[in-house]
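User: Please take a close look at one part of this model. What does it pack against, and how is it held at its ends?

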Amino acid sequence: MKNIVFISALFLATTGFAQKKQRITFTEGKLIEVALLSVKDGKENQFFQEYFSQVMPVATPYGAKPIASFATTRKVIGDNPAAVVVFFEWASLEDKRKFERNPEFLKLRNIRDNALNYLAQGYFQVDETKTVEIQDDKVYDFAALWIDPSNAPKLQQYFGAVMPEATKPAIGYAPIATLNSAGAKDQNWHPSVIAFAEWKGGAEAVDKLEKTSAFKDNVHLREAAAPYKEVFHLKPLIQ
């Protein structure tokens with residue numbers, strides 16, 4: 001029941017004004033599924049209540065555990081139509097594959113698919129366990145990068161040049177976790193890496209960064225290393 005209530009909060013817990021906090025953990029050795037989705041108008045109950053109330057008891061034996069859910073508040077780069085980003089933990093890739101072969105899940109899949117306009121999923125992992133507190137009045141950065149292996153070193157050059165400016169208080173870029181591709185192509189969304197961070201300087205911090213000479217002089221390195229990317233601002237959905 002706890003998991004069902006957590007998922008339901010995706011569309012029920014966004015109207016209040018009180019600051020809400022949640023501690024989340026990205027765990028080394030676990031499979032992290034990232035799902036980007038948009039729900040059809042009028043299908044919210046079908047997806048968040050009917051589907052999840054039935055699927056979570058099926059998924060839990062495979063180590064399924066919601067990590068965090070976010071609403072997309074700004075498309076910084078790209079035109080991905082996702083309205084919600086969900087991080088899920090599974091015991092392992094093989095456990096997730098077993099779940100997707102489970103006849104009980106297959107019976108429920110049409111309920112999910114019929115309720116969604118868009119669904120993209122990918123598998124990731126972290127190199128170290130990281131626990132952080134998120135707040136629903138903060139701005140988070142979600143940068144999915146498709147890296148060109150031949151130019152990968154240029155991404156580190158870019159960060160090395162830009163981070164001293166990006167981490168100044170007025171901008172406040174604060175890395176939280178780096179999610180690396182798990183290498184599996186089971187799903188339909190395969191960035192090389194996701195950089196998840198907080199903009200402590202607020203929603204306009206990225207615009208301030210892009211006006212700096214450090215960014216302007218080095219953004220070509222980022223573009224060469226990651227010719228395709230999808231970047232969002234996110235707001236936590238916390239019950």
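Analyst: Buried means under 20% relative accessible area, exposed over 50%, and partly exposed in between (1.4 Å probe, protein chains only). The model is predicted, so local features need pLDDT of at least 70 and side-chain atom pairs pLDDT 80 or more, while totals for chains, interfaces and linings use all residues. Numbering starts from 1 along each chain as its sequence is written, and side-chain values use heavy atoms, without hydrogens or water.

Take helix H4, residues 103-115 (helices, H or I, of at least four residues and strands, E, of at least two are DSSP runs numbered from the N terminus). Its buried residues are Phe 105, Leu 108, Ile 111, Arg 112 and Ala 115. Among these, Arg 112 is an arginine counted as buried. The cover over the buried residues of H4 includes two strands, E2 (31-39) and E5 (116-125). It also includes two helices, H2 (44-59) and H3 (93-101).

H4 is not straight. It bends by about 30 degrees at Arg 109 (the angle between axes fitted to the seven residues ending there and the seven starting there). At the N-terminal end of H4, Asn 102 acts as a cap. A side-chain oxygen of Asn 102 lies 2.7 Å from the backbone nitrogen of Glu 104.

Leu 106 also belongs to H4. Leu 106 is partly exposed, at 44% relative accessible area. Beyond neighbours within four places in sequence, Leu 106 is in contact (heavy atoms within 4.5 Å) with Glu 100 and Arg 101. Val 55 is 51 residues away along the chain, and its C-alpha atom is 9.9 Å from that of Leu 106.

Now for a helix pair elsewhere. The axes of H5 (residues 153-166) and H7 (residues 213-225) come within 8 Å and cross at roughly 155 degrees. H5 is therefore roughly antiparallel to H7 (over 145 degrees). On the H5 side, the contact is made by Lys 154, Leu 155, Gln 157, Tyr 158, Ala 161, Val 162 and Glu 165. H7 contributes Ala 214, Phe 215, Asn 218, Val 219, Leu 221, Arg 222, Ala 224 and Ala 225. The axes are lines fitted to C-alpha atoms over the stretch in contact, with angles from 0 to 180 degrees between N-to-C directions.

Leu 221 sits in H7. It is buried, at 10% relative accessible area. Setting aside neighbours within four places in sequence, Leu 221 is in contact with Lys 154, Gln 157 and Tyr 158. The C-alpha atom of Ser 181, 40 residues from Leu 221 along the chain, is 21 Å from that of Leu 221.

Next comes Lys 229, in strand E10 (residues 228-236). Lys 229 counts as buried, at 5% relative accessibility. Its side chain makes a polar contact with the side chain of Glu 223 at 3.1 Å (N or O atoms within 3.5 Å, one able to donate a hydrogen and the other to accept it within protein; residues adjacent in sequence count only if both atoms are side-chain atoms). A polar side-chain atom of Lys 229 also lies 2.5 Å from the backbone oxygen of Ala 226. Outside four places in sequence, Lys 229 is in contact with Ile 77, Gly 78, Ala 144, Leu 145, Trp 146, Arg 222 and Glu 223. Arg 222 is also one of the H7 residues in the contact with H5.

Finally, Gln 22 lies in strand E1 (residues 21-26). Gln 22 is buried, at 16% relative accessible area. Its side chain reaches the backbone oxygen of Ile 67 at 3.2 Å.

Definitions and conventions. Angles under 35 degrees count as roughly parallel, over 145 as roughly antiparallel, 65 to 115 as roughly perpendicular and the rest as oblique.
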